[in-house]
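User: I am new to reading protein models and would love a close look at one small part of this one. Could you start with a single residue and then work outwards from there, explaining each step as you go?

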Amino acid sequence: MRTADNPHFKRADVIKGRGAASCQPSTRFGLAARETDGDWRDHMESLAADDGPPAKLRTTVTQEHPKTILSFNKSPDIPFDRSINAYRGCEHGCVYCFARPTHAYHDLSPGLDFETKLFAKPGAAELLRETLAKRKYVPRAIAMGTNTDPYQPIERNYQITRELLTVCLEARHPVTITTKSDRILHDLDLLTELARRKLVAVAISVTSLDPVLSGKLEPRCAAPAKRMAALGALVEAGVQTHCSISPIIPAITDEFMEEIVARAAELGVRSMGWIPLRLPHEVAPLFREWLDVHYPDRAGKVMSIVRSIRGGRDNDPNFGTRMKPSGVWADLLRARFRVACKRAGVGQGRDAPRFELDCSQFRPPELGGQMRLF
């Protein structure tokens with residue numbers, strides 16, 4: 001099967017355990033294009049016919065040492081002004097990930113490169129300590145997981161997220177975390193202490209409740225059942241917890257909205273929200289390619305609905321409207337979510353719970369690695 005976005009792609013080329021079906025090179029920045037030689041391609045296709053599907057791609061990690069670790073923004077669409085991303089690229093491989101285009105800045109593919117060629121920042125915690133120790137620093141909640149997941153599989157070895165949380169606890173600095181992984185429970189000791197001081201809030205994204213569908217959409221994420229269990233464990237530990245039903249993919253995952261709300265409410269989660277699918281830059285052709293592989297029977301319908309809530313385009317990039325879908329389908333999703341929350345006894349609008357994070361406890365950390373945790 002070939003697609004308009006990638007005429008060389010065939011269904012047989014799909015690599016098990018990866019979200020993207022191809023590399024989908026980017027041309028946005030005028031970098032030199034990489035083109036496969038035709039004779040070589042024919043040779044590889046003949047080998048594939050003889051030897052079966054292509055070999056699995058291995059994940060590689062490159063260490064990088066930036067000079068700063070906090071990123072600041074003035075976007076009117078998001079509730080934070082500073083963030084930390086311990087990793088670039090994400091092994092979870094979510095085909096819909098809006099962060100994929102960031103790999104194009106480095107002449108890497110937003111497709112398979114994004115989920116196999118990763119970058120880690122092992123000096124992140126020390127950079128954060130130096131930043132927080134500056135005399136003019138003014139504390140506000142630091143958002144983690146806003147671009148790539150802080151608890152993706154390589155966190156098991158690098159422990160960068162844990163080191164960052166340790167600095168936040170030392171400095172009594174508030175932090176928010178967004179993740180799709182139950183690996184966050186490995187840091188429950190730190191999270192519990194941060195929560196006791198009203199210094200942390202956690203959002204776990206649940207896309208569907210179907211492990212088979214999840215394996216196609218987000219192949220290396222924690223299974224939906226594990227994410228739901230993590231929500232319950234965080235609530236039980238006293239952590240301010242949010243269930244994010246995102247992204248909602250029309251005609252693919254929206255059927256799970258009501259059940260996710262109901263199950264999360266049973267676990268004690270009182271803060272919930274939903275985010276519709278966004279397809280910026282190279283994500284759109286990658287997602288269409290994914291549809292052609294897994295749901296060719298409804299690909300046209302899905303993209304038609306996506307365009308209907310984005311003003312006739314695959315994506316609305318404009319500040320102020322990019323996070324606010326419009327149209328009949330968007331209104332229907334809002335109504336369904338509102339009714340589901342009402343049935344589950346979860347507050348909506350002004351009645352929705354608000355996370356309270358305390359900046360008044362902040363104290364600049366000591367440089368040199370000496371920590372006063374408790």
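Analyst: Let's start with Gln 159, which has a relative accessibility of 32% and so counts as partly exposed. The reasoning is short: buried means under 20% and exposed means over 50%, so a value in between is called partly exposed. Please keep in mind that this is a predicted model. Gln 159 sits in the loop between α4 (155-158) and α5. Its backbone has a feature to look for: phi is near 60 degrees, a positive value in a residue other than glycine.

Now follow the chain to α5, which covers residues 160-171. In the loop between α5 and β7 (175-179) you will find Arg 172. Arg 172, too, is a residue other than glycine with a positive phi, near 55 degrees. Its surroundings are described by another word, though: at 6% relative accessibility, Arg 172 counts as buried.

What does α5 pack against? Two packed helices are described by the angle between their axes and the distance between the axes. For α5, a partner is helix α6 (residues 188-196), at an angle of about 25 degrees and with the axes 10 Å apart. Angles under 35 degrees count as roughly parallel, and α5 and α6 are therefore roughly parallel to each other. Their crossing is left-handed. On the α5 side, the contact is made by Arg 162, Leu 165, Thr 166, Cys 168 and Leu 169, while α6 brings in Asp 189, Leu 190, Leu 191, Glu 193 and Leu 194. Sorted by character, the residues of this contact are six nonpolar, one polar and three charged.

Another residue to visit here is His 173, which leads us to Pro 139. These two are 34 residues apart in sequence, yet their C-alpha atoms are 6.9 Å apart in space. Pro 139 is found in the loop between α3 and β6. With a relative accessible area of 17%, Pro 139 is buried. Apart from its neighbours within four places in sequence, Pro 139 is in contact with Arg 82, His 173, Cys 359 and Phe 362.

Phe 362 brings us to the aromatic rings. The structure holds three aromatic pairs. One of them joins Tyr 137 and Phe 362, with 5.7 Å from centre to centre and 55 degrees between the planes, and is classed as tilted. Tyr 137 lies in the loop between α3 (124-132) and β6 (142-144), and Phe 362 lies in the segment after α12, so the pair ties together parts that are 225 residues apart in sequence. Tyr 137 is buried, and Phe 362 is buried as well.

For another pair, turn to Phe 287 and Trp 290. Their ring centres are 5.7 Å apart and their planes are at 15 degrees, so this pair is stacked. The two residues lie in helix α10 (residues 283-294), three residues apart, which is about one turn of the helix. Phe 287 is buried, with a relative accessible area of 0%, and Trp 290 is buried, with 1%. Together with Tyr 295, they form one aromatic cluster.

Since α12 has been mentioned, here is how this helix packs. The axes of α9 (residues 257-266) and α12 (residues 328-344) come within 9 Å and cross at roughly 30 degrees. That makes α9 roughly parallel to α12. The crossing is right-handed. From α9, the contact uses Met 257, Glu 258, Val 261, Ala 262 and Ala 265; from α12, it uses Leu 333, Arg 336, Phe 337, Ala 340, Cys 341 and Ala 344. These residues divide into nine nonpolar, no polar and two charged.

There is one more backbone detail to find in strand β9 (residues 240-248), where Pro 247 lies. A cis peptide bond joins Ser 246 and Pro 247, with omega about -10 degrees.

Finally, step back to the whole chain. The protein has 12 helices and 10 strands. Of its 374 residues, 50% count as buried. Among contacts with a separation of 6 or more, 79% are between residues 24 or more positions apart. The pairing of Tyr 137 with Phe 362, whose parts are 225 residues apart in sequence, is a handy example to keep in mind.

Definitions and conventions. Residues are numbered from 1 along each chain as its sequence is written. This is a predicted model: local features need pLDDT of at least 70, side-chain atom pairs count only at pLDDT 80 or more; totals for chains, interfaces and linings use all residues. Side-chain values use heavy atoms; hydrogens and water are left out. Axes are lines fitted to C-alpha atoms, for helices over the stretch in contact, and angles run from 0 to 180 degrees between N-to-C directions. Helices (H or I, at least four residues) and strands (E, at least two) are DSSP runs, numbered from the N terminus. Angles under 35 degrees count as roughly parallel, over 145 as roughly antiparallel, 65 to 115 as roughly perpendicular and the rest as oblique. A crossing is left-handed if the near helix is turned anticlockwise from the far one by less than a right angle, and right-handed if clockwise. Contact means heavy atoms within 4.5 Å. Ala, Val, Leu, Ile, Met, Phe, Trp, Tyr, Cys and Pro count as nonpolar, Asp, Glu, Lys and Arg as charged, and the others, Gly among them, as polar. Rings of Phe, Tyr and Trp (its six-membered ring) pair if their centres lie within 6.5 Å; planes under 30 degrees apart count as stacked, over 60 as edge-to-face and the rest as tilted. Buried means under 20% relative accessible area, exposed over 50%, partly exposed in between (1.4 Å probe, protein chains only).
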